[in-house]
Amino acid sequence: WQSWTTSGFRTAAEELALGLQALGLASGDRIALLMHSNVDFCLADMGSLLAHLINVPIYMGETPENMAFILQHSEARALFLSDQDVLQQIAPCLHELEHLQFIFVARDESDLENSTPPPTELPDNIQLLSVATVQARGAERQSAERQSALRAAIDPQDVATIVYVAGATGRCQTVRSHVLPVFRVASILRQRLQQGVPYVCEQPKGVMLTHENLAGDALAAFNAMPELKTGPQETVLSFLPLTHVFARVMLYGHLCYGHTVYFTTPKRVVKHLREVQPTILSTVPRLLEKVYQKIQERGRQLPRFKQVTLEWAIGLAQRYRLGQQLPWLYAFKLKLADQLVYRQWRDGFGGRLKYLLCGGAALRAELATVFSAARIPVLQGYGLTQTSAVLCVNRGAFNQAGTVGVPIAGVEVAIASDGEVLAKAPYVMKGYYKNPVATQDAIEPNGWFHTGDYGAFTPAGFLRITGHKKSLFKLSIGKYVAPEPIEHRLVQSPLIEHAIAVGNQRPYCTLLISPHRRKVRQLGKKWGLRLPFEVLLEHPMIVAQYQTLVDDVNQTLPAWSTVKRFRLINRSFTLVNGLLTSTGQLNREVAQTFFAQDIDALYASKPGASRQPPRPQAEVLSPTLTLETS
């Protein structure tokens, strides 16, 4: 671990801000950040904000197309990079960018400016500098007056950042003729286009967030946790991408409260939980789902007595009710289960966790209940990039599993006549950059923001998200189907990596299922089926296993939305092939085009004529092309 004091970080950010101004970057100029989520990102973020620049974070896993689009659309004059490896990756996108003048490299910067030949061939109009060099220029200008002037010149309504999110303004086919010939992006992308792969994506939209949006949301969210302490009394482990507004706003709160923050990566987070022993952890539901699955999988390998004990403890936790008085007998059983089982779970999280803040996607009520019963307090929240992260959150006495809690200070929430969640708050974005039409569609003149999510209030006043307006589809029989509950339940099985329900303007609902390759191979080995993966997916025993999973889901669905057919697809859902967004969500518009022929095949003939919902008919799709990522 490399330690920074808060005062040292503040001084470094001020020096960087003054150095950026010394280079001629003016208030309101855009500066892009393509960086790993660590202290370097924090320094570039805070330094550019102090310099009155508008920073534009770019997700490290973004597609080359979208990187090129964001740099072009934002007209960025400067670009922060983590190291020279990132520089080499982004170099093909930099040619003929007439607005870009500076590139700043945070790490591996020794002799960066003086090396001959330069480490990476760059256009003549771009100057390559190390962050240390920019800071040194700023240190020469450092004074108490200039430090004060940096802050005094910032207005709360100034745009602080532009965060690009997936939007429905167009597809990559329309971008190719304008972007790709100019930017000459990575060879793998060109090859994919030359081969005619049906690759589509949405042009991102730039969400403009002001200083008041970000700071106000951070303060209001932290104010919702009155037991939160200041200074090093709280320890934070941060592993989520700081390019996403949820992790970034949480970081601003931690800086304000003076908390000790450790930065790690998703691959190392489990190891570092035990090492750092945080009191606060911000996460997405996927981590909790994996932990819960791992607990259940390891439980099946325990001796019989311990296996029975674990099953008893899990069953006991599933009956836990947040915010309710516990009967004395049930409370006694929980204490016993805590000594036998739950404290081991807490040790896995470091043993000191006080706040497990969960956002970014829907969290199963069972997970919030089970972990809370084990004294791992899961607080699920809700918000969007367009609302600076947090709108509602469960906390304290206002905590109910299966909901996203109640609004934080300053937030009004209403349900429109069609069921859409509307929000009004000082944290709602200023608008979409260079896109007044999309801004008008999203924000009403009276300030109400359309979230695009369906929701409802419980009798106790908790907000429950019931679906996404964009993903809801209508069958040809006139009935609407919400795909998320179907998909979410299916992916709880270790055999399923991703699932997507389809059926818009079709007579019934169908499924595309991407199997978990390793788990399927393990299952085949268990049954003595030593076959290639493609052949294994066609084996009746494997298909029957998936039929069982789909049948279980169908039992919980209304008759019109039951899955009549499904297809096993030998293809992964990734950011590279466009089937996942940068936040890990299914990209439905891309999937509809990507699998258009396969979806048509699912409706080529009618399912059984039985009056009861027929047993799903499984099919296997072998890929015409396999895309691999390094």
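Look at R517 in this predicted model. Its charged end sits over the ring of F533. The distance to the ring centre is 4.2 Å. A second charge does something similar elsewhere: K205 lies over the face of Y432, 4.4 Å from the centre of that ring.

Now turn from charges to rings that meet rings. Searching the whole structure gives 12 aromatic pairs. One of them joins Y342 and W345. Their centres are 5.3 Å apart, and 55° separates the planes, a tilted arrangement. Where do Y342 and W345 lie? Both are in helix α14, which covers residues 328-348. They are 3 residues apart, about one turn of the helix.

Are these two side chains buried or exposed? Y342 has a relative accessible area of 0%, so this residue is buried. W345 reaches 9%. Buried means under 20%, so W345 counts as buried too.

W345 has another partner, F371. Here the ring centres are 6.3 Å apart. The planes meet at 65°, and an angle over 60 degrees counts as edge-to-face, so this pair is edge-to-face. F371 is buried, as is W345.

What does the pair of W345 and F371 tie together? W345 belongs to helix α14, whereas F371 belongs to helix α15, residues 365-373. The pair therefore links parts that are 26 residues apart in sequence.

Step back, and these rings belong to one group. Y342, W345 and F371 join Y292 and F349 in one aromatic cluster. Find W345 in the structure and trace both contacts: the tilted one to Y342, then the edge-to-face one to F371.

How values were computed. Residues are numbered from 1 along each chain as its sequence is written. This is a predicted model: local features need pLDDT of at least 70, side-chain atom pairs count only at pLDDT 80 or more; totals for chains, interfaces and linings use all residues. Side-chain values use heavy atoms; hydrogens and water are left out. Rings of Phe, Tyr and Trp (its six-membered ring) pair if their centres lie within 6.5 Å; planes under 30 degrees apart count as stacked, over 60 as edge-to-face and the rest as tilted. Helices (H or I, at least four residues) and strands (E, at least two) are DSSP runs, numbered from the N terminus. Buried means under 20% relative accessible area, exposed over 50%, partly exposed in between (1.4 Å probe, protein chains only). A charge sits over a ring if NZ of Lys or CZ of Arg is within 6 Å of the ring centre and within 35 degrees of the ring normal.
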